[in-house]
Amino acid sequence: MKLLAALLALTTIASAETLRVQANGRVVEMELEQYVAGVLGGESSVFQSIEALKAMAIAARTYAVHFHGRHADEGFDVCDKTHCQRLDTKAITARLIEAAKATAGQLVLYRNQPAATYFHRDCGGKTENVRAVWPEETAPYLLSHADPYCQRRPWHWDVSVTDLASTLRQSGLKAPTPLQRVSITQRTASGRAQQLALLGAGGSVRIDASSLRFAVGRLLGFNSIPSDSYNVGVSGDRVVFDGVGSGHGVGLCQNGAEQMGAQGHNYREILAFYYPGTSVAAKAHLLWQRISGERLALFTTQPDRDSGLLTNAERLLRSAESRLKLPAPDPLEIRIYPDIAAFRDATGEPGWVAARTRGRLIDLQPVALLRSRGALDSTLQHEFFHAILENHARAGLPVWFREGLAAFFSGPGSATDSAAVFDEDLRQITEQARARAAYQAARNRVAALVGRYGETTVLGWLRLDLPREVTNASNKQATTKSK
């Protein structure tokens with residue numbers, strides 16, 4: 001009864017949008033939010049983190065909206081297989097319904113359009129560039145990057161040379177007889193196998209790694225070679241594969257998302273990490289207009305009012321690059337919202353946050369409002385420091401260090417390292433005084449580190465890691481506070 005009540009509640013909050021879904025061989029109409037809950041049942045029912053589930057709900061919803069109608073010629077919108085998204089309505093639970101309900105209507109947006117939110121089970125420590133898998137895709141938020149949250153899970157598979165050659169031939173692929181050697185001749189930028197050479201007494205054959213994996217999967221099981229991230233060789237009469245990861249590696253890594261949730265990251269942070277440069281919001285029908293500059297692009301709904309910002313912003317960007325002696329990401333975009341409500345809805349930030357930077361995108365509260373507070377230039381300069389520093393930062397650096405660096409270069413403040421700094425205080429968005437105190441403490445701590453080690457050394461930690469004595473000091477502070 002509880003599950004039935006939850007399903008009814010989900011129906012009441014579902015959008016008017018419906019999907020024609022081919023499920024179990026027949027076409028049915030399904031409310032979008034009910035479909036999302038079914039995809040969670042098919043794709044992520046084992047998730048433990050509720051924040052990871054919410055991230056998956058938004059990714060699944062966005063995927064359905066982005067690829068809506070891909071089966072239009074067949075009389076339906078999406079299928080219930082992994083070609084679209086695996087749908088399993090029988091696996092729906094109250095917990096999955098709650099994840100869909102809590103994020104109802106929210107989408108991952110890029111330039112105010114639903115993004116191509118590909119996801120996979122396990123990236124093995126590094127995501128893949130979308131063009132390595134789908135060459136026609138050019139989404140800048142689907143580039144390869146390291147994933148420190150994904151727990152590496154090695155796998156091993158071996159097969160006789162005879163069985164592998166037979167499997168390939170049954171799939172319409174060529175294989176030399178007898179098969180004597182298998183080697184990787186080309187890898188993608190992420191290190192995944194892209195092309196293989198199969199050598200035999202009669203010559204050699206070149207084959208795409210993905211073609212081999214799918215051929216093996218169809219006839220010998222898709223768990224045989226779960227990803228293209230592997231090394232391969234022949235030992236005796238066996239072809240031996242040793243690798244990591246599962247799936248194509250593009251976009252959101254479910255393994256990593258689960259770990260991010262377990263570590264306290266919220267669903268917006270998870271989605272921002274795997275789809276950098278995007279935002280999460282109910283799709284706003286804002287009529288964005290682009291104003292291009294030399295280094296920046298402004299997106300605004302009121303170009304007559306906001307176009308004058310561009311020249312000054314370009315100057316502040318050059319100043320930030322000069323101060324850090326590091327280049328900014330290119331291109332860098334600023335999205336100026338028409339009011340606080342639109343900014344808050346699009347970013348999930350509270351109204352007292354003036355701006356937010358994610359990758360190459362800076363979301364900004366209304367210019368007139370910031371100017372009236374005398375905070376326009378300081379806000380822009382702070383966000384430029386953020387964009388440059390994040391562009392060069394190693395994944396996994398503590399939030400307090402990254403935030404403290406941006407705050408330090410925006411205005412050094414006091415070099416007193418007396419207050420403990422906790423990442424959770426910086427992440428939370430409900431208590432303004434707590435957040436401001438944490439940002440000030442992070443700024444002061446970085447200022448103290450610069451005074452002790454020098455600015456060049458502290459900046460160098462961006463690409464490396466914090467030295468052990470700094471990390472140990474952080475742990476000591478945390479222990480002291482918890483008593």
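## Exercises on a predicted model

In this predicted model, the axes of helix α15 (residues 399–410) and helix α17 (residues 432–453) come within 7 Å and cross at roughly 80°.

**Exercise 1.** Classify the crossing of α15 and α17, and describe the contact between them.

*Solution.*
Step 1. Angles from 65 to 115 degrees count as roughly perpendicular. α15 is therefore roughly perpendicular to α17.
Step 2. On the α15 side, the contact is made by W400, F401, E403, G404, L405, A407 and F408. α17 contributes Y439, A442, R443, R445, V446, A447, L449 and V450.
Step 3. Sorted by class, the contact has 11 nonpolar residues, three charged and one polar.

**Exercise 2.** Decide whether C150 and C253 are bonded or unbonded, and whether each is buried or exposed.

*Solution.*
Step 1. A disulfide requires cysteine sulfur atoms within 2.5 Å.
Step 2. The cysteine sulfur closest to that of C253 belongs to C150, 3.7 Å away, which is too far for a bond. C150 is in no disulfide, and the disulfide count comes to zero.
Step 3. Buried means under 20% relative accessible area. C150, at 7%, is therefore buried, and C253, at 0%, is buried too.

**Exercise 3.** Work out the strand order of the open sheet of three strands, and name its edge strands.

*Solution.*
Step 1. Strand β4 (residues 106–110) runs antiparallel to β14, and four bridges join the two. In one of the pairings, L109 has S279 of β14 as its bridge partner.
Step 2. The order is β5-β4-β14, with antiparallel pairing.
Step 3. β5 (113–114) and β14 (279–282) each pair on one side only, and these are the edge strands.

Definitions and conventions
Residues numbered from 1 in each chain as written. Predicted model: local features only at pLDDT ≥ 70, side-chain atom pairs only at ≥ 80, totals over all residues. Heavy atoms only, no water. Pairing = 2+ DSSP bridges. Axes fitted to C-alpha atoms, helices over the stretch in contact; angles between N-to-C directions. Parallel < 35°, antiparallel > 145°, perpendicular 65-115°, else oblique. Contact = heavy atoms within 4.5 Å. Nonpolar A, V, L, I, M, F, W, Y, C, P; charged D, E, K, R; others polar. Buried < 20%, exposed > 50% of the residue type's maximum accessible area, 1.4 Å probe, protein only.
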